[in-house]
Amino acid sequence: MKRKKYIKYIINTILLCTIFAALICILIEKIGDNKISEEEYSGKRLSDNINEADVLIIHEVVKNYPKEEILDSYKGYKVCAKLEIPSIPLKANVLSNYSKRALKVSCTKFWGVNPNEKGNFCIAGHNTKSMFSGIKKLELGDTLFITDSKIGKVEYEIFNIDKVVPNNVDCLDPITKDEKEVTLITCTNDSTKRVIIKAREKM
């Protein structure tokens with residue numbers, strides 16, 4: 001009786017060991033199939049059924065600027081951002097809410113999203129030395145900076161300069177909602193047209 005139990009025990013042990021060994025072999029084979037050589041991973045050698053055009057490489061450019069503080073208010077008006085245009089040069093507080101009285105104090109948010117958010121952040125300013133008289137000198141490719149307390153400092157590059165009649169409000173619409181855009185608006189010297197400067201986040 002004891003001998004039969006012993007033989008049964010030996011047979012069961014051998015079966016378990018065989019099953020365990022088989023599972024290990026299958027696992028090792030799968031791992032080997034999933035391995036990619038360093039040369040293949042770096043893109044130097046692609047398999048025949050993969051085209052280089054099908055490989056998408058995403059480069060995320062992160063620009064870190066020193067932390068800058070912006071004013072909470074300026075001359076009794078709430079501030080939402082700071083505008084800097086080095087080539088003019090210009091530094092101005094952007095007031096949060098547009099009104100004729102506020103516009104006499106500084107440039108203001110006129111329309112659109114909040115500073116440095118995706119969409120079109122529109123800023124209006126009078127054609128004066130303390131505000132936007134200098135933007136008529138700007139050229140395509142010039143840069144400007146918007147700093148806010150939430151996102152920080154973001155660099156933008158001018159991609160379009162235009163003059164439109166006062167009732168043309170197409171500039172208030174975003175070119176694309178998936179990008180950060182800034183629109184500067186002021187009047188010409190004779191006030192018959194509006195100068196429109198459009199800039200997009202510089203990548």
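## Exercises on strands, hairpins and charges

A hairpin of four residues connects E2 to E3. Keep that hairpin in mind as we work through the exercises. The model is a predicted one, where local features need pLDDT of at least 70, side-chain atom pairs count only at pLDDT 80 or more, and totals for chains, interfaces and linings use all residues. Residues are numbered from 1 along each chain as its sequence is written, and side-chain values use heavy atoms, with hydrogens and water left out.

### Exercise 1: the overall layout

Task: Find how many helices and strands the protein has, and in which pattern they follow along the sequence.

Solution:

Step 1. Helices (H or I, at least four residues) and strands (E, at least two) are DSSP runs, numbered from the N terminus. With that rule, the protein has three helices and nine strands.

Step 2. Going along the sequence, the pattern reads α-α-β-β-β-α-β-β-β-β-β-β.

Step 3. For burial, the cut-offs are under 20% relative accessible area for buried, over 50% for exposed, and partly exposed in between (1.4 Å probe, protein chains only). Of the 203 residues of the protein, 31% are buried.

### Exercise 2: the partners of E2

Task: Work out which strands pair with E2, and in which sense.

Solution:

Step 1. Two strands pair if DSSP finds at least two bridges between them. Strand E2 covers residues 77-85, and seven of its nine residues are buried.

Step 2. Start with strand E1 (residues 73-74), which pairs with E2 in the antiparallel sense over two bridges. Here Ser73 is opposite Lys78 of E2. The hairpin of E1 and E2 has two residues between the strands, and in this hairpin Lys75 has a positive phi near 55 degrees.

Step 3. Move on to strand E3 (residues 90-95): E2 and E3 pair in the antiparallel sense over six bridges. Val79 has Leu95 in E3 as its bridge partner.

Step 4. Finish with E6, which also pairs with E2 in the antiparallel sense, over three bridges. Leu83 has Ile146 of E6 as its bridge partner, and Lys82 is opposite Thr147 of E6.

### Exercise 3: both faces of E6

Task: Decide which residues of E6 point each way, and whether they are buried or exposed.

Solution:

Step 1. In a regular strand, side chains alternate between the two faces of the sheet.

Step 2. Sort the residues of E6: Thr143, Phe145 and Thr147 point one way, while Leu144, Ile146 and Asp148 point the other way.

Step 3. Check the cover. Strand E6 (residues 143-148) is mostly covered, with six of its six residues buried.

Step 4. Follow the chain onward. A hairpin of three residues joins E6 to E7. E6 and strand E7 (residues 152-164) pair in the antiparallel sense over six bridges, and Thr143 has Glu157 in E7 as its bridge partner.

### Exercise 4: salt bridges

Task: Find how many salt bridges there are, then look at where the partners of Glu84, Lys150 and Glu179 sit.

Solution:

Step 1. Side chains of opposite charge can pair when their charged atoms come close. The rule used here asks for a side-chain nitrogen of Lys or Arg within 4 Å of a carboxyl oxygen of Asp or Glu, and the count comes to five salt bridges.

Step 2. Glu84 forms a salt bridge with Lys153, with the closest N and O atoms 3.6 Å apart. Glu84 lies in strand E2 and Lys153 in strand E7, so this pair ties together parts that are 69 residues apart in sequence. Glu84 counts as buried, at 10% relative accessibility.

Step 3. Lys150 forms a salt bridge with Glu117, with the closest N and O atoms 4.0 Å apart. Lys150 is in the loop between E6 and E7, and Glu117 is in the loop between strand E4 (108-112) and strand E5 (119-124), 33 residues apart. Lys150 is exposed, with a relative accessible area of 68%, whereas Glu117 is partly exposed at 27%.

Step 4. Glu179 and Arg200 meet in a salt bridge (3.2 Å, N to O). Because Glu179 lies in the loop between E7 and E8 and Arg200 in strand E9, the pair ties together parts that are 21 residues apart in sequence. Glu179 is partly exposed at 34% relative accessibility, and Arg200 is partly exposed at 23%.
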